[in-house]
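This report introduces a protein structure to a reader who has not met it before. The sequence and the structure follow.

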Amino acid sequence: MFCEGIFRMPGDRLKNVRPQPRVLMVGFAGHQGKEYLPIVRESADIVGGVDPAPAASSLADEWGFPHHDILGEALEEVDFDAAVVTVPHSEHFPVCRELLMHGRHVIKEKPFAVTEQEARQLIHLAQRADRSVFTLLQRNFNPVFQFARENLARIGEPYWFSYDYHFNLAHPTTGWRASREQAMGGVLLDMGYHLIDVLSGMFPEPEPPRVHSAFVHHYQEMRDRRLEDLVSLMCSYPSTGLTGSLRISRHNYEKTEHLCVLGTEGALNVVPGVAVLHSVGGLPLERYTWEGPKTDAVRSMIAHHLGHLDDRYYRQAHLQRQLAAVRTIDGIYRDRSREQNKLADRCA
């Protein structure tokens with residue numbers, strides 16, 4: 001007699017078999033979607049894809065799954081458990097809302113949402129549908145950043161941080177990120193979301209930090225579109241006294257990422273592949289090095305999310321952390337908009 005989900009092992013031991021989740025890829029023909037395809041396939045059955053791009057049909061044929069131009073068609077014709085969503089920022093909320101309203105789990109590229117209002121609506125929809133919305137943030141699964149989080153207490157009470165993250169692009173931003181209507185923000189929303197999320201995990205706070213911001217433009221066309229090429233932030237957390245700075249840009253002289261945290265009993269330095277704990281005065285106490293490829297962290301991230309789709313405790317913690325990141329970024333943009341409106345009124 002056949003029993004679904006069970007098979008017999010040597011020695012007549014029975015073990016439960018958990019079937020792989022069935023996944024719909026939404027936006028799979030873009031750069032990020034194509035990068036995720038082979039990794040998602042390791043942990044799930046890809047049962048369909050949605051993308052209106054001209055190359056999407058042939059790519060779907062190559063990978064052996066049905067292709068749809070619009071999400072509505074896939075929801076009617078494809079039976080799936082979760083969707084992996086990699087679309088421009090402007091499409092995140094409507095795509096996720098439709099998936100949740102049809103009772104599907106969502107695993108999506110950052111940002112979780114563009115505005116706090118959208119974030120709260122997504123959380124409400126996820127809770128009502130009893131479904132997860134997980135955001136793909138690789139640093140949470142990078143062993144160097146995991147070491148940093150787990151050993152932060154060894155530097156005492158943190159009182160200062162600096163976090164720099166720069167690309168060295170030699171040309172203006174291209175593609176949908178160069179469109180105000182699709183990107184809905186510049187480097188703060190795009191690159192900066194990773195950093196704000198890291199800080200939200202290391203320094204959880206009940207309220208967003210107080211932030212002073214400076215938006216800078218390398219190219220006139222980006223200024224005209226109100227898409228910042230560089231942002232500099234000064235942040236303070238009133239409940240703990242922690243203060244810090246962030247600088248994020250696309251057109252630096254070199255590509256770099258560096259997080260430094262100063263504490264009352266030492267310091268923590270994190271750069272790609274290396275985390276170092278220092279005593280007061282700078283003596284290195286412990287050095288952690290990870291030389292694995294980026295795909296290892298991505299593989300761990302996607303497998304973890306797929307394995308926790310029905311984990312309500314993990315889901316709730318994830319949603320609250322993403323809400324914190326969205327509130328911070330949305331607050332910075334709203335403050336910036338108010339300042340510009342006041343300046344326009346004075347000049348009128």
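## A charged patch on the surface

Which residues gather in a patch of negative charge on the surface? In this predicted model, the patch is made up of Asp69, Glu73, Glu76 and Glu77. One of these residues, glutamate 77, belongs to helix H3, which covers residues 71-77. Glutamate 77 counts as exposed because its relative accessibility is 58%, and the exposed class begins over 50%.

## Aromatic pairs

The structure contains 7 aromatic pairs. In one of them, phenylalanine 28 and phenylalanine 65 have ring centres 5.2 Å apart and planes at 80°, so the arrangement is edge-to-face. This pair connects distant parts of the chain, 37 residues apart: phenylalanine 28 is in the loop between strand E3 (22-26) and helix H1 (31-43), while phenylalanine 65 is in the loop between helix H2 (56-63) and strand E5 (67-68). Phenylalanine 28 is buried, with a relative accessible area of 0%, and phenylalanine 65 is buried as well, with a value of 4%.

Phenylalanine 215 and tyrosine 333 also form an edge-to-face pair, with 5.8 Å from centre to centre and 75° between the planes. Here too, distant parts of the chain are linked: phenylalanine 215 is in strand E10 (residues 210-216) and tyrosine 333 is in helix H11 (residues 312-347), 118 residues apart. Phenylalanine 215 counts as buried because its relative accessibility is 13%, under the limit of 20%. Tyrosine 333, at 17% relative accessibility, is likewise buried. In addition, Phe161, Phe203 and Tyr237 make up one aromatic cluster.

## A salt bridge within a helix

Side chains of opposite charge can pair when their charged atoms come close. The count of salt bridges in this model comes to 20. Among them is the contact between the side chains of glutamate 116 and arginine 120, with an N to O distance of 3.0 Å. Both residues are in helix H5 (residues 116-129), and because they are 4 residues apart, about one helical turn separates them.

The two partners are covered to unlike degrees: glutamate 116 counts as buried at 19% relative accessibility, whereas arginine 120 is partly exposed at 42%. Both also take part in a network of salt bridges that links Glu116, Arg120, Glu207, Arg327, Asp330 and Arg334.

## Salt bridges between distant parts of the chain

Where does the salt bridge partner of arginine 139, glutamate 257, lie? The closest N and O atoms of arginine 139 and glutamate 257 are 2.9 Å apart. Arginine 139 is in the loop between strand E8 (133-136) and helix H6 (143-151), and glutamate 257 is in strand E13 (residues 251-263), so this salt bridge ties together parts that are 118 residues apart in sequence. Both arginine 139 and glutamate 257 are buried.

Another salt bridge joins arginine 247 to aspartate 164, with 2.5 Å between the closest N and O atoms. Because arginine 247 lies in strand E12 (residues 242-249) and aspartate 164 in strand E9 (residues 158-168), the pair ties together parts 83 residues apart in sequence. Arginine 247 is partly exposed, with a relative accessible area of 45%, whereas aspartate 164 counts as buried at 14% relative accessibility.

How values were computed:
Residues numbered from 1 in each chain as written. Predicted model: local features only at pLDDT ≥ 70, side-chain atom pairs only at ≥ 80, totals over all residues. Heavy atoms only, no water. Patch = residues over 30% accessible without salt bridge, like charges linked within 9 Å, V, L, I, M, F, W, Y side chains within 5 Å. Areas by Shrake-Rupley, 256 points an atom, 1.4 Å probe, with all protein chains shown as cover. Salt bridge = Lys/Arg side-chain N within 4 Å of Asp/Glu carboxyl O. Lys, Arg positive; Asp, Glu negative; His and termini not counted. Charge placed at Lys NZ, Arg CZ, Asp CG, Glu CD. Helix = DSSP H or I, 4+ residues; strand = E, 2+ residues; numbered from the N terminus. Buried < 20%, exposed > 50% of the residue type's maximum accessible area, 1.4 Å probe, protein only. Phe/Tyr/Trp six-rings, centres within 6.5 Å; stacked < 30°, edge-to-face > 60°.
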